[in-house]
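Visitor: Please walk me through this model, one question at a time. Keep the answers short.

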Amino acid sequence: MQVADPLARIAALKRSLGAVILAHYYQDDDIQDIADVIGDSLKLAQEARKSDASVIVFCGVHFMAETAKILNPGKTVLMPDSAAGCSLADSCEPRWAFEAWVRRHESLPLVSYINCPAWVKALSTVICTSSNAEKVVSSFPRDQAVLFAPDRHLSRFVAERTGRRLVPWDGVCVVHDIFEEKRILQALRENPGAELLAHPECPVGILAHAHFIGSTTGIIDRATAPDARTNTFIIATEPGVIHEMKKRAPGRVYIPAPPNQTCACSYCPYMRLNTMEKIAECMERMEPRIDVDIELARRARLPLERMLEISRN
Ligand code: SF4
């Protein structure tokens with residue numbers, strides 16, 4: 001029997017299920033091309049919140065699909081590959097150690113980056129993304145120290161930008177943490193006039209040379225701005241963003257920043273587990289499907305709603 005190609009199966013299933021497909025910018029190009037919405041963590045959380053589709057197919061990683069479920073407890077949330085985790089979310093383990101850290105600082109509010117599991121969200125005062133971290137932290141009084149988890153590089157960056165005292169958890173993203181200063185400097189020497197655009201999850205040695213530091217969306221906007229002062233950009237984040245850059249500003253040169261010698265590329269090993277075939281299969285089988293305990297979801301929703309409210313203002 002001949003099986004139809006995944007593209008045709010996904011299109012037919014979308015119609016019959018009344019499904020919406022949300023995809024992160026770190027997905028393969030073909031997945032970005034079939035998505036109803038492409039975005040960063042903040043945009044996808046906002047879209048998940050307002051979607052009226054009964055089935056959400058989340059092409060990203062587990063904490064993102066879990067966030068969509070927390071915001072939409074009555075909807076079916078599918079993800080193409082249940083093994084698509086995240087090193088930052090995993091760095092909150094072991095749970096007893098994280099909970100002990102929070103207890104040791106029980107007088108401080110906890111701001112958690114959205115890249116964390118539901119149980120961390122449930123412990124948090126408010127959630128943030130890289131798009132709104134400065135705004136969220138600045139919503140606390142200037143003299144208020146704040147616990148910040150789980151990314152230590154983002155914590156250092158936000159503390160510097162806001163002038164707040166942040167107490168960081170010691171997590172990192174495996175993609176951004178492996179950019180290496182001497183290889184970035186070499187790329188800048190080889191491309192005179194290029195701008196280095198870096199995500200704040202990168203180590204300080206990378207950010208020190210960046211012409212622009214911003215969220216995934218911020219980096220895309222900067223590289224594609226009509227009034228950019230150069231047409232060559234070195235991109236120190238997951239290179240999936242280059243697909244959107246080429247669509248918005250096709251004539252420019254986008255160079256993925258080189259990681260350290262131990263890696264050949266800076267693709268996220270978790271995000272890239274998703275494929276077109278797995279999307280079609282998960283829609284056919286209606287699994288893997290994300291479930292979150294009702295009480296846990298209720299507690300995790302409050303800090304997420306606070307973030308969405310702060311982002312609206
Ligand atoms: S790029 Fe980093 S933070 Fe994003 S999903 Fe992959 S491991 Fe997690």
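Visitor: This is a predicted model. Which residue follows H1, and with what phi?
Guide: The model is indeed predicted. Look just past the end of H1 for a residue with positive phi. The phi is near 65°, and the residue is Gly-18.

Visitor: What end-to-end distance does H1 (residues 6-17) show, against the span expected for twelve residues?
Guide: Take 1.5 Å a residue. The twelve residues should then span 16 Å. The end C-alpha atoms agree with this, because their separation is 16 Å.

Visitor: Which strands stand at the edges of the open sheet?
Guide: Four strands make up this sheet, paired parallel in the order S10-S9-S11-S12. An edge strand has a single partner, so one of its sides lacks a neighbour in the sheet. That applies to S10 (212-213) and S12.

Visitor: Which residue of S10 stands opposite Leu-197?
Guide: S9 and S10 are parallel and share two bridges. Opposite Leu-197 in S10 is Phe-212.

Visitor: What is the hand of the crossover from S11 to S12?
Guide: S11 and S12 run parallel, joined by four bridges. Ile-234 has Ile-255 of S12 as its bridge partner. Between the two strands the chain passes through H13, and this β-α-β crossover is right-handed.

Visitor: How wide an arc do the buried residues of H12 cover?
Guide: The buried residues of H12 (residues 216-224) are Thr-216, Ile-219, Ile-220 and Ala-223. They lie on the same side of H12, because their arc around the axis is only 100°.

Visitor: What covers those buried residues of H12?
Guide: The cover includes both strands and a helix. Among the strands are S9 (195-198), S11 (232-236) and S12 (253-256). The helix is H13 (241-248).

Visitor: Which helix gives the most to the largest nonpolar core?
Guide: This core has 95 residues, and Val-57, Phe-58 and Ala-236 have the most contacts inside it. Val-57 touches, beyond its neighbours within four places in sequence, Ala-19, Ile-21, Leu-78, Ile-279, Cys-282 and Met-283. With six residues, the helix that gives the most is H4 (residues 62-71).

Visitor: Is Phe-63 buried or exposed?
Guide: Phe-63 sits in helix H4. The cut-off for burial is 20 or more other C-beta atoms within 10 Å. Phe-63 has 25 such neighbours, so it counts as buried.

Visitor: How far apart are Phe-63 and Cys-86 in space?
Guide: Setting aside neighbours within four places in sequence, the contacts of Phe-63 include Cys-86, Ala-89 and Ile-114. Phe-63 and Cys-86 are 23 residues apart in sequence. In space, C-alpha to C-alpha, they are 7.7 Å apart.

Technical notes: Residues are numbered from 1 along each chain as its sequence is written. This is a predicted model: local features need pLDDT of at least 70, side-chain atom pairs count only at pLDDT 80 or more; totals for chains, interfaces and linings use all residues. A residue is buried if 20 or more other C-beta atoms lie within 10 Å of its own, exposed if 12 or fewer, and partly exposed in between; C-beta atoms are placed from the backbone. The arc is that of the directions from the helix axis to the C-beta atoms. Two residues are in contact if their C-beta atoms, placed from the backbone, lie within 7 Å. Two strands pair if DSSP finds at least two bridges between them. A crossover is right-handed if, with the strands pointing away from the viewer, the path from the first strand over the helix to the second runs clockwise. The expected span of a helix is 1.5 Å times one less than its number of residues. A nonpolar core is a set of buried Ala, Val, Leu, Ile, Met, Phe, Trp, Tyr and Cys residues joined through C-beta atoms within 7 Å.
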